[in-house]
Amino acid sequence: MIRFLRSVAYAWSGFRSAVGTQANMRIHVAFVVAVNAAGLLFGLSAMEWAAIIIVQGMVLAAELLNTAVEHVVDLVSPQKHPLAKAAKDTAAAAVLFAAATAVAVGLIVFGPHLLP
Ligand SMILES: Nc1ncnc2c1ncn2[C@@H]1O[C@H](COP(=O)(O)OP(=O)(O)OP(=O)(O)O)[C@@H](O)[C@H]1O
């Protein structure tokens, strides 16, 4: 149990570090707060909440992994290298796909609530 709590503390520290150092992470968190507030406002159904929560988790997880890749690349390859570029660009592409998926799901979920 202690080990699990310690792991959670390390993970929380990683999350706080990403929020503190990555502007994109702060943008994602701001979107999560805004979207969840809108969800409460519109009284989303259980299935709508499920869709929204899944894509939010996907985007945050993708951004955190992207940040981890950036740190490791900066550590092992401070000089320019094609593989370092490929690693960073591929991780960034993962965030782009997750964010595009979240936008699509957001439109599908909130669209009907916004249209008259
Ligand atoms: N060591 C490197 N070798 C080759 N290309 C690199 C290297 N580091 C960064 N790049 C290129 O520059 C781009 C921007 O890198 P940077 O480290 O500024 O990350 P970023 O995506 O801007 O992240 P951040 O959100 O921290 O600003 C990368 O996507 C990559 O194409």
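**A four-helix chain and its ligand shell**

Followed along its sequence, the protein shows the pattern α-α-α-α, and its secondary structure amounts to 4 helices and 0 strands. The coordinates are those of a predicted model, and what follows should be read with that in mind.

Taken along the principal axes, the C-alpha atoms fill a box of roughly 55 × 40 × 20 Å. The radius of gyration of the protein is 17 Å, whereas a compact globule of 116 residues would have a value near 13 Å. Buried residues account for 16% of the 116 residues. If one considers the contacts between residues at least 6 apart in sequence, 71% of them join residues that are at least 24 apart.

The walk along the chain can begin with helix 1, which covers residues 2-21. Its 20 residues should span 28 Å at 1.5 Å a residue, and because the end C-alpha atoms are indeed 28 Å apart, the expected and modelled spans agree. Of those 20 residues the number buried is 1, and helix 1 therefore lies largely in the open.

Two further stretches carry an annotation from a record: in an unreviewed entry, UniProt places the feature "transmembrane region" at residues 25-43 and 90-110. In the model, residues 25-43 are 95% helix and 0% strand, with the end C-alpha atoms 27 Å apart. Residues 90-110 are 100% helix and 0% strand, and there the end C-alpha atoms are 30 Å apart.

The ligand offers another way into the structure. The residues around the ligand are Gln 22, Asn 24, Glu 70, Val 73, Ser 77, Lys 80, His 81, Ala 84, Lys 85, Lys 88, Asp 89 and Ala 92. The elements that contribute two or more residues to this shell are helix 3 (46-76) and helix 4 (82-114), and helix 4 supplies the largest share, with 5 residues. Sorted by class, the shell consists of 3 nonpolar, 4 polar and 5 charged residues.

Helix 4 also contains Leu 83, a residue whose surroundings can be described in numbers. Leu 83 has 10 other C-beta atoms within 10 Å, and because a residue counts as exposed when that number is 12 or fewer, Leu 83 is classed as exposed. The C-alpha atom of Leu 83 is separated by 9.2 Å from that of Val 73, a residue 10 positions away along the chain; Val 73 is itself one of the residues around the ligand.

Technical notes:
Residues are numbered from 1 along each chain as its sequence is written. This is a predicted model: local features need pLDDT of at least 70, side-chain atom pairs count only at pLDDT 80 or more; totals for chains, interfaces and linings use all residues. A residue is near a molecule or strand if its C-beta atom, placed from the backbone, lies within 6 Å of it. Ala, Val, Leu, Ile, Met, Phe, Trp, Tyr, Cys and Pro count as nonpolar, Asp, Glu, Lys and Arg as charged, and the others, Gly among them, as polar. UniProt positions are given in the numbering used here, feature names are shortened, and annotations may be inferred rather than shown by experiment. The expected span of a helix is 1.5 Å times one less than its number of residues. The radius of gyration is taken over C-alpha atoms; the globule rule is 2.2 Å times the number of residues to the power 0.38. Two residues are in contact if their C-beta atoms, placed from the backbone, lie within 7 Å.
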